[in-house]
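Please walk through this fold step by step, beginning with how its strands are joined and moving on to the side chains packed around them.

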Amino acid sequence: MRTDYAEVFQSDEAVDKYERVVYAPETYSTAVSGRQRAFLRRLVRREFTARRPVQHDFACGTGRAIKLLHGVVRAAHGYDVSAQMLAKAQEAGVYAKLHQVDGDGPVPEPATVDGPALVTVFRLLLNAPKDVRDRAIAFAAKILPEADSGLLVVENHGNRSSLRHLRHRSNRANQWFAELHHAEVEQLLARHGFEVVERRGFALCPAGAYRREWLRPVARRADDLAARSGRLSGVATDVLYVARRIPK
């Protein structure tokens, strides 16, 4: 696990690589993002019937999770420690108010608590140290003080129970190869008064399957089918957890 997570995306080069390489067309991450978009938009329409929510995206980066929900939320706010990431989001035309926050110290204050709210935390938990994970969920708890305040959605893009785990021995020296078990995510959420109400997986195949041109269509089809229900989320590589505050 990296201990310098907050500093990694402070350079323009790192930010540019994130957009051009990680989320290039036909990549694993782009395919996962498309499935997540469909799921999240259905989730918002299903759960927020009386009034559309305000989205608060913690560690928003270049605004990918915000863009997934354009048009189905009432407003959006993105929070990140990296000025470079926020500048890239602004350049990309993300429809949100963007806020630079400190990497340590007191838990940041949300821009508004005008509910209902949807808090999203994507691609942070896996590689971040424990204090950063807790900081993110503590931030969500400020926005979602009650069970009826809205929903929290967090991503684990390295589920330990997936096929990706088969590579853990060969990646022991790789700082970017981390794993999180479902129980670890659930325990993190529970520490801040949240319970998981739904879990959905968006890729059974590891990222390597998408790098092989002959295998990519098969992997994409299998993952599209698996993402249609939550039954295979236990062994999926990339997982979203939908959580709500535990009723008091």
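Two strands are taken to pair if DSSP finds at least two bridges between them. In this predicted model, E2 and E3 satisfy that criterion, since they pair in the parallel sense over 4 bridges, and within this part of the sheet Gly78 stands opposite Leu98 in E3. Helix H5, which spans residues 83-91, packs on the sheet and touches both E2 and E3, with a direction that makes about 170° with that of E3.

The pairing of E2 with E3 belongs to a wider arrangement. The secondary structure of the protein comes to 8 helices and 7 strands, and an open sheet of 7 strands runs in the order E3-E2-E1-E4-E5-E7-E6, with mixed pairing. At the edges stand strand E3 (97-100) and strand E6 (194-203), and because each of them has a single partner strand, one side of each is left without a neighbour in the sheet. From one strand to the next, the twist averages 20°.

A second helix to follow is H6, which lies across E1, E2, strand E4 (117-121), E5, E6 and strand E7 (238-245), and which runs at about 175° to E4.

Helix H6 also leads to the aromatic side chains, of which the structure holds 4 pairs. One of these is formed by Phe58 and Phe139, whose rings lie 4.9 Å apart centre to centre with 35° between the planes, an arrangement that counts as tilted. Phe58 lies in strand E1 (residues 54-58) while Phe139 lies in helix H6 (residues 130-143), so the pair ties together parts that are 81 residues apart in sequence. Both Phe58 and Phe139 are buried. The rings of Tyr79 and Phe139 have centres 4.8 Å apart and planes at 65°, and the pair is therefore edge-to-face, given that planes over 60 degrees apart are placed in that class. Since Tyr79 belongs to strand E2 (residues 75-80) and Phe139 to helix H6, this pair ties together parts that are 60 residues apart in sequence. Tyr79 and Phe139 are both buried, and Phe58, Tyr79 and Phe139 form one aromatic cluster.

An aromatic ring is also involved in a contact of another kind, where Arg245 lies over the face of Phe194, at 5.2 Å from the ring centre.

What surrounds a residue in strand E5 can be followed through Val153, which is found in that strand (residues 150-156). Val153 is buried, with a relative accessible area of 0%. Its C-alpha atom is separated by 4.9 Å from that of Thr120, although the two residues are 33 residues apart along the chain. Leaving aside neighbours within four places in sequence, Val153 is in contact with Leu40, Leu43, Leu118, Val119, Thr120, Val121, Phe122, Leu240, Tyr241 and Val242.

The whole chain can be described with a few totals. Among contacts between residues at least 6 apart in sequence, 73% join residues at least 24 apart. Buried residues make up 51% of the 248 residues in the protein. The protein exposes about 11,900 Å², and carbon and sulfur atoms supply 51% of that area.

Conventions: Residues are numbered from 1 along each chain as its sequence is written. This is a predicted model: local features need pLDDT of at least 70, side-chain atom pairs count only at pLDDT 80 or more; totals for chains, interfaces and linings use all residues. Side-chain values use heavy atoms; hydrogens and water are left out. Rings of Phe, Tyr and Trp (its six-membered ring) pair if their centres lie within 6.5 Å; planes under 30 degrees apart count as stacked, over 60 as edge-to-face and the rest as tilted. Helices (H or I, at least four residues) and strands (E, at least two) are DSSP runs, numbered from the N terminus. Buried means under 20% relative accessible area, exposed over 50%, partly exposed in between (1.4 Å probe, protein chains only). A charge sits over a ring if NZ of Lys or CZ of Arg is within 6 Å of the ring centre and within 35 degrees of the ring normal. Contact means heavy atoms within 4.5 Å. Accessible areas come from the Shrake-Rupley method with a 1.4 Å probe; for residues, only the protein chains shown count as cover. Axes are lines fitted to C-alpha atoms, for helices over the stretch in contact, and angles run from 0 to 180 degrees between N-to-C directions.
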